Amino acid sequence: MSSRGVLLVNLGSPESTEVADVKRYLNQFLMDPYVIDLPWPARRLLVSLILWLRPKKSAEAYASIWWDEGSPLIVISRRVQQAVQAQLDMPVELAMRYAEPSIERGILALARQGVDEILFMPQYPQHADSTITTSVKEAERVIQEHRLPIRLTVVPAFYQREEYMDALVASAREYFEQPFDHLLLSYHGLPERHLKKADPTGQHCLQFPDCCERPSPAHATCYRAQCTAVSKAFVKRMGLNDDQWSQAFQSRLGKDKWIEPYTDARVDELAAQGVKRLIVMCPAFVADCIETLEEIGDQVREQFIAAGGEELVLVPCLNDHPQWVEALVQWSRTEPEAV
Ligand SMILES: C=CC1=C(C)c2cc3[nH]c(cc4nc(cc5[nH]c(cc1n2)c(C)c5CCC(=O)O)C(CCC(=O)O)=C4C)c(C)c3C=C
Ligand SMILES: [Fe+2]
Ligand SMILES: [Fe+2]
């Protein structure tokens, strides 16, 4: 009988909030050709420029949200791993694409426990080459390099799965019990170029203003279409009308055009329209991290209040909500599909 192990995979955080650690982490992250998709010399030049300008500011941002136990993203992911492990009689490990615990460490730990199949679960509801593809490629590299007799079964982006949406609705419901003016679903952004590159048809993504509304095989790998699908499924489940919510994209880097609308611009518009009590959710992330806690919880909140808003309610990510843990347990037991 085959023996399965589970690897939960997320993005990663610096080791500490020291500028040198943040710099090392950003270097590994941004030199990944799936993240900054330029030829090596141009990538090296651009990343060196970013590393000259950004680490001090990033380190301060990390310091403002860091917990006694470490990076929120890592601490929460570890709690989820332990909660899933407690309900399964197969080994469950945690890995990060950048920094530690690495994918290599996670795979070798499972190999030592004698598994011959790894259920590889990237913790991303929506597909992006800069998150899922790069993690899978790294896992394949490790298995090949160590000549491990291990089969990789990849759980694809789970944006359409009932168990995910059930958990999202259950975790968010209490935040909708008070009156509010608007819900903003703010997703991590992506350069437009990445969206076009991931389109296997070569003629759908960003070719029409409403491309994400028109059914297409391209949506199997279209980050924006998958974000839109999550937004629509969520607001339907919550019974919201179309004028009660909108979707936007945060966290731009560099001068390229990223997918729109941008969260900061949308927040100003909403405040100008008289929105006083704004709920913000970030469904591209399953665990709270610098992007939710600092960018939305601090920067965007400050911006909204300065623009005339009164209260920004940030809904926590799924984190270790029991229904989310239950979804991961169920997929670990039943997931049949190899990708
Ligand atoms: C949720 C999916 C994510 C996508 C898609 C994504 C693409 C992407 N990100 C950058 C640049 C940065 N992202 C940073 C942090 C960060 N990004 C994600 C997730 C996605 N990124 C997470 C979960 C985090 C948080 C990590 C943590 O430690 O909490 C950062 C670092 C933050 C900072 O320095 O301010 C950068 C930089 C690019 C360029 C990109 C696609 C091309
Ligand atoms: Fe990112
Ligand atoms: Fe699209």
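Modeller: Helices, runs of at least four residues, and strands, runs of at least two, are both DSSP runs numbered from the N terminus, and by that reckoning there are 12 helices and eight strands in the protein, whose model is predicted.

Biologist: What makes the protein as compact as a globular protein of its length?

Modeller: The globule rule gives 20 Å for 339 residues, and the radius of gyration of the protein is 20 Å, close to that value, so the protein is as compact as a globular protein of that length. Along the principal axes, the C-alpha atoms fill a box of roughly 60 × 50 × 45 Å.

Biologist: Why is His188 called buried?

Modeller: A residue is buried if 20 or more other C-beta atoms lie within 10 Å of its own, and His188 has 27 of them within 10 Å, so His188 is buried. This residue is found in strand E5, which covers residues 182–188.

Biologist: How do you know whether Glu291 counts as buried or exposed?

Modeller: The cut-off for a buried residue is again 20 or more, and because Glu291 has 23 C-beta neighbours inside 10 Å, Glu291 counts as buried. Glu291 is found in helix H11. In the protein, buried residues make up 42% of the 339 residues.

Biologist: Which residues does UniProt list for "binding site", and why can they be said to gather at one spot?

Modeller: The unreviewed UniProt entry lists His188 and Glu291. They span 104 residues in sequence, yet no two of their C-alpha atoms are more than 7.9 Å apart, so they gather at one spot. Leaving out residues up to four places away in sequence, His188 touches Gln250, Ser251, Ala284 and Glu291, while Glu291, counted in that way, touches residues including His188, Gln250 and Ser251, with Cys282 and Phe285 also on its list.

Biologist: What surrounds ligand 1, by class of residue?

Modeller: The shell has 14 nonpolar, eight polar and one charged residues. Of the 23 residues around ligand 1, Ser13, Ser58, Ala128, Cys289 and Ile290 come nearest. Helix H3 (55–65), helix H6 (129–145) and helix H11 (290–306) each supply at least two residues of that shell.

Biologist: Which residues have the most contacts inside the largest nonpolar core?

Modeller: That core has 95 residues, and Leu7, Phe120, Met121 and Val280 are those with the most contacts inside it. Leaving aside its neighbours within four places in sequence, Leu7 is in contact with residues that include Glu93, Ala95, Ile107, Phe120 and Met121.

Conventions. Residues numbered from 1 in each chain as written. Chains lettered and ligands numbered in written order. Predicted model: local features only at pLDDT ≥ 70, side-chain atom pairs only at ≥ 80, totals over all residues. Core = buried A, V, L, I, M, F, W, Y, C linked by C-beta atoms within 7 Å. Buried ≥ 20, exposed ≤ 12 C-beta atoms within 10 Å, placed from the backbone. Contact = placed C-beta atoms within 7 Å. Near = placed C-beta within 6 Å. Nonpolar A, V, L, I, M, F, W, Y, C, P; charged D, E, K, R; others polar. UniProt positions renumbered as here; feature names shortened; annotations may be inferred. Rg over C-alpha atoms; globule rule 2.2 N^0.38 Å.
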